[in-house]
Every structure is written in C-alpha cells, then in structure tokens.
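The following exercises are to be worked through with the sequence and the coordinates at hand. Each task is followed by a solution in steps.

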Amino acid sequence: MNGSVRAKFWIGLVAVFYLSPLSVSAGEEKSFTITADSRVIAESDVNAMAGDIAIAESGFGIEHEYKIGGTLPLGLSFDYKHTDINENLPVNLPSHLEGRSFGIGTKFPMPFCASDSHFMGIDVFPSWYTDDWTWTDSAFRMPFRIYGIYKKSDAFIVVAGVSIRIDYDESVLPILGIIYKPNDRLSFNFASDDPNVTYQWNEHWSVFGELDFVRDEYEVTRGGQKGVVLKYRETSGGVGLRYHHDKLLQASLSVGSVMGRRLQYRDDIGKVEPDAAVYARAKLSVLF
C-alpha cells in the first residue's frame with residue numbers, strides 16, 4: 001500500500017471514531033459472526049450475442065460487534081468474495097473476480113435531538129475489487145455511508161441516508177429501508193445488506209424470501225491493458241429454508257432468479273447482458 005492509499009485508509013478510520021462520542025469498555029457485550037456462502041448461477045444465453053455464460057460465487061465473512069452502552073453497536077468486519085466466470089463470448093471478460101472489503105461502523109444518538117428514538121450511523125468500507133489476488137494500490141476505494149435511524153421499538157425501525165462511492169461510476173446511491181416485526185414469527189427486514197422476509201416456523205426452522213442488488217466495480221486487465229474498470233450489475237430474488245441450532249449455528253438453502261444482469265467496461269468497449277437465470281445458494285453462519 002503506497003503513501004497516498006495508506007493516508008486515505010487511516011483518514012477513514014479516524015473519521016469513524018472521531019464522529020462517535022462513544023467508547024468501548026472491556027465489560028461490554030460482544031459477538032462474532034463467521035459466514036461462508038456459495039452460489040451457482042446456471043448457464044444462460046446472452047442478449048444480442050452468440051455464446052453463453054455461467055457464474056459461480058463463493059464468499060467468506062467475519063463480523064465482530066461490540067455492544068456500546070448496552071445497546072449501541074460498534075462493528076468491525078471483513079468480507080471476501082470470489083467469482084468464477086465461465087463463458088464463450090466474443091467480449092474479453094476476466095475468468096475470475098476478487099472482492100475484499102473491510103468494514104468499520106458505529107451508531108450514536110442523533111445530535112441536537114432530545115428524542116431517544118433517533119440515531120445516526122456511519123460506516124466506512126476500505127475495499128479492493130480486482131481480477132487479481134494482489135492488493136493493487138490503484139484498485140483501492142473507500143466507499144462510506146451516512147444514515148439516520150428512527151427506532152420506535154425493536155419491532156419498527158426506519159433507516160434513510162446516502163452511500164457515497166468516490167471513484168465509482170455511480171458515486172451516490174440512496175439508502176432507504178424498514179424493519180417491521182408484526183409478531184414473534186414474522187419479520188420484514190429491508191434495512192440490511194441482505195434484505196429478507198422471514199417466517200419463524202418453529203424453534204429450529206424458518207422460511208424466507210431474499211433479495212440482492214449488486215452494483216460493484218472491479219479494476220481488471222483486458223487484453224493486456226491494465227487498470228480497466230468492469231461494472232457488474234444484477235438483481236436477484238429467491239426463497240429458502242433456514243435451520244437454527246441453539247442460536248449458534250444457522251444453515252440455509254435457497255433458490256431463485258437473477259435478472260437485470262450486465263457486465264460492462266466503463267469505457268464502453270465491451271458489454272455483456274446475460275439473460276435471466278436460475279440460482280442455487282447455500283449459506284452457513286456460526287455465531288459466538
């Protein structure tokens with residue numbers, strides 16, 4: 001990591017903790033979550049182009065969350081995502097993509113607001129998205145998001161804000177979500193990175209519907225030309241079954257459809273728009 005990249009990284013870290021008036025003491029509640037995820041997208045044709053494409057993804061994530069003041073979290077995370085692209089197309093696509101992202105975030109009472117139901121959140125994500133195993137300096141990005149939270153109760157929460165992604169083609173994205181739990185069994189969570197609707201069938205089993213929106217950019221090599229940006233876009237939705245074991249282990253299987261798909265170089269030299277395709281996904285989470 002060169003000097004300028006290192007400076008950006010530390011500025012982001014300092015900003016998060018400076019803006020939070022909260023500190024962590026040794027006696028606060030803590031939690032770890034480790035997640036392994038795999039998804040296979042079936043082979044599909046490509047719009048207006050001869051050939052087909054199939055994609056397989058695997059990922060690993062770890063989160064460590066402190067409970068600050070008994071209720072407010074300070075979270076640290078790392079996410080890794082590997083994508084294999086198998087195709088026979090005239091466009092020069094990478095054979096694989098590598099995404100690595102750290103996360104640092106906190107939430108605190110809304111400044112200048114007397115209500116104890118209004119909060120603010122700040123998350124920073126130092127990231128490298130490439131087609132290489134190395135930590136390329138030019139691929140370093142630090143997207144961040146700032147959002148407000150209205151928490152009427154644990155059963156009703158509204159989130160609104162903005163995601164800022166400097167050096168991305170889509171540099172500003174809105175954030176709007178809601179968490180609603182009408183009873184102990186049913187929950188609507190559209191204020192997370194994994195939007196879902198879940199029905200708790202019994203102590204160990206639940207059924208769910210899931211959504212996902214991908215708006216990633218990777219710095220890749222195309223025909224020997226380095227530093228080319230590939231935009232990856234897709235929307236997916238499916239249904240699944242999840243098993244819970246003593247609140248320590250969760251395993252799920254889901255199937256669904258991926259649509260609105262596009263892999264496009266930012267300089268517009270090469271674009272692939274795969275047709276909608278079926279996916280199957282397996283996910284395992286350990287909490288402790």
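A residue is called buried under 20% relative accessible area, exposed over 50%, and partly exposed in between. The structure is a predicted model, and the exercises apply these classes to it.

**Exercise 1. Determine whether aspartate 268 and alanine 48 are buried or exposed, and describe their backbone setting.**

Step 1. Aspartate 268 has a relative accessible area of 54%, which is over 50%, so the residue is exposed. Alanine 48, with 79%, is exposed as well.

Step 2. Aspartate 268 sits in the loop between S15 and S16. Alanine 48 belongs to the loop between strand S1 (30-46) and strand S2 (49-68).

Step 3. Most residues other than glycine have a negative phi. Aspartate 268, although not a glycine, has a positive phi of about 65°; for alanine 48 the value is positive too, about 55°.

**Exercise 2. Summarise the fold content of the protein and state which stretch has a pLDDT below 50.**

Step 1. One helix and 17 strands are assigned.

Step 2. Of the 288 residues, 39% are buried. The protein exposes about 15400 Å², of which carbon and sulfur atoms supply 60%.

Step 3. Among contacts between residues at least 6 apart in sequence, 55% join residues at least 24 apart.

Step 4. The average pLDDT is 88, and 88% of the residues score at least 70. Residues 2-30 have a pLDDT below 50, and this stretch has 41 contacts in the model beyond near neighbours in sequence. Where pLDDT is low, the predicted coordinates should not be read in detail.

**Exercise 3. Describe the surroundings of aspartate 123 and identify the polar partners of its side chain.**

Step 1. Aspartate 123 is located in strand S5 (residues 118-124).

Step 2. Its relative accessibility is 7%, so aspartate 123 counts as buried.

Step 3. The side chain of aspartate 123 makes a polar contact with the side chain of arginine 145 at 2.8 Å, and another with the side chain of tyrosine 147 at 3.0 Å.

Step 4. Leaving aside neighbours within four places in sequence, the contacts of aspartate 123 are Ile104, Gly105, Thr106, Pro143, Phe144, Arg145 and Tyr147.

**Exercise 4. Carry out a similar analysis for valine 162: where does it lie, and which residues does it contact?**

Step 1. Valine 162 is part of strand S9. Its relative accessible area of 28% falls between the two cut-offs, so valine 162 is partly exposed.

Step 2. Beyond four places in sequence, valine 162 is in contact with Phe144, Arg145, Ile146, Val172, Leu173 and Ile175.

Step 3. The C-alpha atoms of valine 162 and proline 174 are 4.6 Å apart, with the two positions 12 residues apart in sequence numbering.

**Exercise 5. How many salt bridges does the structure contain, and which parts of the chain do selected pairs link?**

Step 1. The whole structure has 15 salt bridges. Side chains of opposite charge can pair when their charged atoms come close.

Step 2. Aspartate 154 and lysine 151 form one salt bridge, at 3.0 Å from N to O. Aspartate 154 is exposed at 55%, whereas lysine 151 is partly exposed at 32%.

Step 3. Aspartate 169 pairs with lysine 231, the closest N and O atoms being 2.8 Å apart. This pair links distant parts of the chain, 62 residues apart: aspartate 169 in the loop between strand S9 (156-164) and S10, and lysine 231 in strand S14 (residues 225-245). Aspartate 169 is partly exposed at 41%, while lysine 231 is buried at 13%.

Step 4. Arginine 262 and glutamate 273 meet at 2.8 Å, N to O. Arginine 262 lies in strand S15 (residues 249-265) and glutamate 273 in the loop between strand S16 (271-272) and strand S17 (277-287), so the pair ties together parts 11 residues apart in sequence.

Step 5. Salt bridges with shared partners join Arg165, Glu170, Glu217, Arg233 and Arg266 into one network.

**Exercise 6. Identify the residues and strands that make the nonpolar surface patch of about 430 Å².**

Step 1. The patch consists of Ile178, Tyr180, Phe190, Leu211 and Phe213.

Step 2. The elements giving two or more residues to this patch are strand S10 (172-180) and strand S13 (205-222).

Step 3. Leucine 211, found in strand S13, is partly exposed with a relative accessibility of 36%.

How values were computed:
Residues numbered from 1 in each chain as written. Predicted model: local features only at pLDDT ≥ 70, side-chain atom pairs only at ≥ 80, totals over all residues. Heavy atoms only, no water. Patch = residues over 30% accessible without salt bridge, like charges linked within 9 Å, V, L, I, M, F, W, Y side chains within 5 Å. Areas by Shrake-Rupley, 256 points an atom, 1.4 Å probe, with all protein chains shown as cover. Salt bridge = Lys/Arg side-chain N within 4 Å of Asp/Glu carboxyl O. Helix = DSSP H or I, 4+ residues; strand = E, 2+ residues; numbered from the N terminus. Buried < 20%, exposed > 50% of the residue type's maximum accessible area, 1.4 Å probe, protein only. Contact = heavy atoms within 4.5 Å. Polar contact = N/O pair within 3.5 Å; in protein donor to acceptor, adjacent residues only side chain to side chain. pLDDT = per-residue confidence, 0-100.
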